[in-house]
Each structure stands twice: as structure tokens, then as C-alpha cells.
Amino acid sequence: MPQFFTPKQVSRAIQVSESSVKRWCDKDIIPTQYTAGGHRRIVLSELIEFLRCSKHEIVRPEVLGLPATSGQSIRVIDRSAEQLAEALLQGDEEQCRRIVLDLYLAEHSISTICDLVFVKAFSVIGNRWQCGDAEVYQERRGCELAMRVIHELHKLVPIPKEDAPVALGGAAEGDLYNMATTMIELVLRDNHWNAVSLGYNLPFHTIEAALKQKSPKLFWLSVNHIANESDFIQSYNQLYSQFGNSIAFVVGGRALHEDIRKQIQYATYCDNIRHVESFAQTLMSAAKT
């Protein structure tokens with residue numbers, strides 16, 4: 001998908017005059033970049049932000065490289081998880097994109113889309129697999145499609161400012177689940193953090209190196225699988241003892257049962273993505289006061 005558009009392209013996409021778009025650019029209603037020759041160029045993420053906050057809708061989404069029906073469907077969050085689950089099982093990438101992008105254009109937060117659509121959709125898929133109504137390959141393919149859509153959402157979120165607080169996170173060694181940490185990165189960036197997911201299957205020594213080099217204000221650890229609980233607890237506690245006084249540790253994931261949580265320290269334990277968002281917002285607000 002292209003990332004920059006001319007006023008003419010934007011006017012075609014939302015069916016307004018090119019002069020109106022140029023006027024919005026000049027008044028900074030739509031943040032605009034300029035070429036060396038002085039030509040206006042509009043970043044896709046800034047255009048989407050404008051559309052989410054205005055009465056204007058996308059009439060010709062294909063001009064922006066979006067699915068042809070973007071912005072034209074019923075944008076009800078309660079129906080979307082089942083619809084997304086079906087699209088993922090069918091391997092229908094365009095339908096997956098449309099569902100998610102329409103929800104975002106309808107001003108649903110990314111954290112809500114993650115928790116109430118993506119997570120619930122995969123719960124539906126898991127239940128169907130247990131009942132023999134879905135194959136493993138469908139779930140695996142669905143994960144790949146979901147990750148591509150999440151990365152597409154990433155392009156729609158404005159780039160954080162250079163002085164934005166830094167957040168790092170990932171999943172520890174032996175944990176091969178990448179989707180949760182990718183969603184957290186996206187949600188934190190949507191909340192103006194300079195957030196970077198380091199990925200999955202990360203040895204604790206490389207997490208230590210990253211924290212030393214980047215000095216983040218927040219570190220998240222998504223824990224959906226633990227190969228050896230005693231080793232995990234020992235390595236985690238060593239990491240926390242070194243950085244816990246200067247970095248807010250945020251942990252979560254289905255493998256962190258209560259017995260493990262009693263043996264480790266952290267700033268907060270989060271049950272879902274919206275909890276991470278809420279904690280990050282509180283942390284940022286406290287830093288400003």
C-alpha cells in the first residue's frame with residue numbers, strides 16, 4: 001500500500017474538490033509534507049486520522065490502496081469477531097482487511113479491535129478446532145493473515161515523536177507466540193509511545209542487552225508458553241532485580257498462572273491489551289506531572 005498521496009488522489013478518494021484538500025493542507029487540518037519542489041504530500045496515517053475525526057468518508061477506497069468496500073459496511077464490534085473468524089478460516093485476506101479497517105475508520109480503538117475482535121476470533125477458531133470443525137492449517141493460515149492485517153494497521157498509526165517515551169517488549173525463550181507482543185507494540189504506538197516489539201523466543205540475556213542499550217520507560221513480557229517454570233522464574237527475577245527500579249515491568253499471558261505470579265515482581269499484570277493501554281496512559285500522564 002502506498003504511504004503518500006497527492007491532494008488530487010485524496011480528493012478522488014473522499015469525493016471533495018482538490019482545492020478543498022489543498023486548503024486543509026495549508027491550514028494544517030491535514031498534516032502535510034512538502035517535496036523539494038513545494039508539492040503537497042499527505043501521509044496515509046494522517047489522512048486516516050483526519051477521516052476518523054471528520055464527517056468525510058472514503059467513497060473510492062481503492063485510490064488509497066484499501067479494499068474496495070472500506071468504510072461502506074456496518075461497523076458493529078459485536079458482530080465482527082465471528083465475521084473475522086470466518087474470513088480467517090476461509091483464508092479471505094481482503095475480507096479480513098475490510099472488517100478490521102472499517103472498525104478502525106469507525107473510531108473503534110486499536111486496543112478494542114485487538115481484544116474484542118482478534119482475540120475473540122481466535123477463540124472462536126479454537127473452539128471450532130476442538131469440535132472438529134476446523135483444521136490446524138486453517139488456524140495457522142489465519143495467524144499469518146491476522147499478522148498481515150495488524151501490520152497494515154501499523155501503517156495507519158502516526159509515527160511517534162522523536163522525544164516520545166520508549167517501550168520495549170517481546171516473548172521469552174521457548175515462547176513462539178508473536179501475535180500478542182505485536183498487538184501490544186501497535187497499541188502503545190497508537191498511544192504515542194515509541195514502542196518496539198523485539199519479537200518472540202528471546203533468551204533473557206538478549207532482553208537484558210536490549211534494556212541496557214535502549215533504557216525504556218516500560219518493558220512488557222508476553223508469556224503464553226513456559227518450557228521450564230523454575231528456569232523462567234529465576235531468569236525473570238534476575239532481570240527484574242537489575243532493571244525493576246527504573247523500568248516499569250508489564251507482564252501478561254495465559255502461561256502466567258497465579259503460582260508463578262506469586263514468585264515474581266512486576267509493576268502490573270494485565271489480562272488483556274486494554275489493560276496494557278490503560279497502564280501505559282497512566283504512566284505517561286504521571287511522567288508529565
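Q: What makes a pair of side chains a salt bridge?
A: A side-chain nitrogen of Lys or Arg must lie within 4 Å of a carboxyl oxygen of Asp or Glu. This is a predicted model. By that rule the count comes to 14 salt bridges.

Q: Why is the pairing of Arg52 with Glu49 called a salt bridge?
A: The closest N and O atoms of Arg52 and Glu49 are 3.9 Å apart. The cut-off is 4 Å, so the pair qualifies. Side chains of opposite charge can pair when their charged atoms come close.

Q: Why are Arg52 and Glu49 separated by about one helical turn?
A: Both sit in helix α3, and they are 3 residues apart there.

Q: How many salt bridges are there between domain 1 and domain 2?
A: The count is 0. The domains themselves come from an automatic or database assignment. The protein chain is divided into domain 1 (4-51), domain 2 (78-156) and domain 3 (166-288).

Q: How do you know that domain 1 and domain 2 are in contact?
A: Contact requires heavy atoms within 4.5 Å. Domain 1 gives 4 residues to the contact and domain 2 gives 4 residues. The centres of domain 1 and domain 2, taken over C-alpha atoms, are 31 Å apart.

Q: What is the area buried between domain 1 and domain 2, and which atoms give 71% of it?
A: The buried area is about 370 Å². Carbon and sulfur atoms give 71% of that area. On the domain 1 side, Leu44, Ser45 and Ile48 supply 78% of the area buried against domain 2. No other three residues supply more.

Q: What makes the largest cavity a cavity and not a pocket?
A: A cavity is a set of points where a 1.4 Å probe fits but cannot get out, whereas a pocket is open. The search of the whole structure finds 1 cavity of 30 Å³ or more. About 30 Å³ of space lies in the largest cavity.

Q: Which residues line the largest cavity?
A: The lining is made of Ile48, Ile58, Leu66, Leu101, Tyr104, Leu105 and Leu156. Helix α5 (residues 93-105) gives the most to this lining, with 3 residues.

Q: Why is Tyr104 in the lining of the largest cavity counted as nonpolar?
A: Tyr is on the nonpolar list, so Tyr104 counts there. By class, this lining has 7 nonpolar, no polar and no charged residues.

Q: How do you know that the largest pocket lies between domain 2 (78-156) and domain 3 (166-288)?
A: Domain 2 and domain 3 both give residues to its lining, so the pocket lies between them. The volume of the largest pocket is about 1200 Å³. It is lined by 39 residues, and Tyr177, Met179, Ala180, Asn224 and Arg254 lie nearest its centre.

Q: Which element gives the most to the lining of the largest pocket?
A: That is α6, with 10 residues. The elements giving two or more residues include α6 (110-130), α7 (136-156), α8 (179-190) and α12 (273-288). Strands β6 (218-222), β7 (248-252) and β8 (268-270) are also among them. By class, the lining divides into 22 nonpolar, 10 polar and 7 charged residues.

Q: Which residues are closest to the centre of the second largest pocket?
A: Pro160, Arg189, Asp190, Asn191 and His192 are the closest, out of 18 lining residues. The volume of this pocket is about 400 Å³. Helices α3 (44-53), α8 and α12 each supply at least two residues of the lining. The most comes from α12, with 3 residues.

Q: Why is His192, by the pocket centre, counted as polar and not charged?
A: The charged class holds Asp, Glu, Lys and Arg, and the others not listed as nonpolar are polar, so His192 is polar. The lining of the second largest pocket divides into 7 nonpolar, 3 polar and 8 charged residues.

Q: What is the phi of Gln15, and where is Gln15 found?
A: Gln15 has a positive phi of about 60° although it is not a glycine. It is found in the loop between α1 (7-14) and α2 (18-26). Asn201 also has a positive phi, about 55°, and is not a glycine. Asn201 is in the loop between β5 (194-197) and α9 (204-214).

Methods. Residues numbered from 1 in each chain as written. Predicted model: local features only at pLDDT ≥ 70, side-chain atom pairs only at ≥ 80, totals over all residues. Heavy atoms only, no water. 1 Å grid on protein atoms, 1.4 Å probe; cavity = no way out; pocket = protein on both sides within 12 Å on 5 of 7 lines; lining within 4 Å. Points joined across faces, edges and corners; volume = space filled by probe spheres on them. Helix = DSSP H or I, 4+ residues; strand = E, 2+ residues; numbered from the N terminus. Buried area = accessible area lost by both parts, 1.4 Å probe.
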